[in-house]
Amino acid sequence: MNTKPHLNDDCLFCKIIKGEIPSDVVYDDDFVYAFRDINPQAPTHVLVIPKTHIPSCAAVNADNAEILGPVFAAIAEVSKKENLSEGFRVISNTGKAAGQTVEHLHFHVLGGKDLSEKLIP
Ligand code: 5GP
Ligand code: ZN
């Protein structure tokens with residue numbers, strides 16, 4: 001992995017990675033951290049984040065995209081741990097108009113109930 005870990009002192013999710021803000025951990029390895037959303041929108045609602053500060057999907061580039069392999073491997077692990085074999089949804093809000101409120105790349109993993117077939121309910 002060439003991606004150098006970089007955390008931002010002013011970022012909420014970087015503080016969660018550092019343990020400065022408590023969180024309910026679901027998965028943790030050298031590159032990725034996953035924890036329960038504080039305001040769950042489904043019986044399972046986990047946030048999966050890289051342990052390096054990337055503001056959003058829009059900031060992914062050839063230099064930092066290597067982190068996405070471990071992130072998606074962690075998403076699969078989370079789905080197994082949370083018994084989501086029936087199906088789950090992965091969402092990454094990108095930018096204000098899409099509802100992004102925390103500027104650290106994160107993937108919502110939602111499941112545990114029948115989700116709407118519509119992409120946007
Ligand atoms: P976004 O709106 O940026 O797509 O997602 C940010 C998510 O972070 C929201 O679903 C929100 O509930 C969650 N969140 C915000 N602050 C905290 C926190 O301090 N702890 C946890 N566990 N989740 C948080
Ligand atoms: Zn951050």
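## Aromatic pairs and the ligand 1 site

The count of aromatic pairs here comes to 3. Please keep in mind that this is a predicted model. One of those pairs joins Phe13 and Phe35, and the two elements that hold these residues, helix H1 and strand E2, also each supply at least two residues of the shell around ligand 1.

**The Phe13–Phe35 pair**

- A pair of aromatic rings is described by the distance of the centres and the angle of the planes.
- For Phe13 and Phe35, the ring centres are 5.4 Å apart and the planes stand at 80°, so this pair is edge-to-face.
- Because Phe13 lies in helix H1 and Phe35 in strand E2, the pair ties together parts that are 22 residues apart in sequence.

**Who surrounds ligand 1**

- Ligand 1 has 16 residues around it, and the closest are Arg36, Asp37, Asn93, Thr101 and His108.
- Sorted by class, the shell holds 7 nonpolar, 7 polar and 2 charged residues.
- Helix H1 spans 12-18 and strand E2 spans 32-36; the largest share of the shell, 3 residues, comes from H1.
- As for the site itself, the space that ligand 1 takes is the largest pocket.

**Polar contacts and cover**

- Backbone, with nitrogen: a polar backbone atom of Arg36 lies 2.9 Å from a nitrogen atom of ligand 1.
- Backbone, with oxygen: a polar backbone atom of Val102 is 3.1 Å from an oxygen atom of ligand 1.
- Side chain: His108 places a polar side-chain atom 2.9 Å from an oxygen atom of ligand 1.
- On its own, ligand 1 has 510 Å² of accessible area, and the protein covers 83% of it.

Terms used: Residues are numbered from 1 along each chain as its sequence is written. Chains are lettered from A and ligands numbered from 1 in the order in which they are written. This is a predicted model: local features need pLDDT of at least 70, side-chain atom pairs count only at pLDDT 80 or more; totals for chains, interfaces and linings use all residues. Side-chain values use heavy atoms; hydrogens and water are left out. A residue is near a molecule or strand if one of its heavy atoms lies within 4 Å of it. A polar contact is a pair of N or O atoms within 3.5 Å; within protein, one must be able to donate a hydrogen and the other to accept it, and residues adjacent in sequence count only if both atoms are side-chain atoms. Accessible areas come from the Shrake-Rupley method with a 1.4 Å probe; for residues, only the protein chains shown count as cover. On a 1 Å grid over the protein atoms alone, a cavity is a set of points where a 1.4 Å probe fits but cannot get out, and a pocket is an open set with protein on both sides within 12 Å along at least five of seven lines; lining residues have an atom within 4 Å of a point. A molecule sits in a cavity or pocket if more than half of its atoms lie within 2 Å of its grid points. Helices (H or I, at least four residues) and strands (E, at least two) are DSSP runs, numbered from the N terminus. Ala, Val, Leu, Ile, Met, Phe, Trp, Tyr, Cys and Pro count as nonpolar, Asp, Glu, Lys and Arg as charged, and the others, Gly among them, as polar. Rings of Phe, Tyr and Trp (its six-membered ring) pair if their centres lie within 6.5 Å; planes under 30 degrees apart count as stacked, over 60 as edge-to-face and the rest as tilted.
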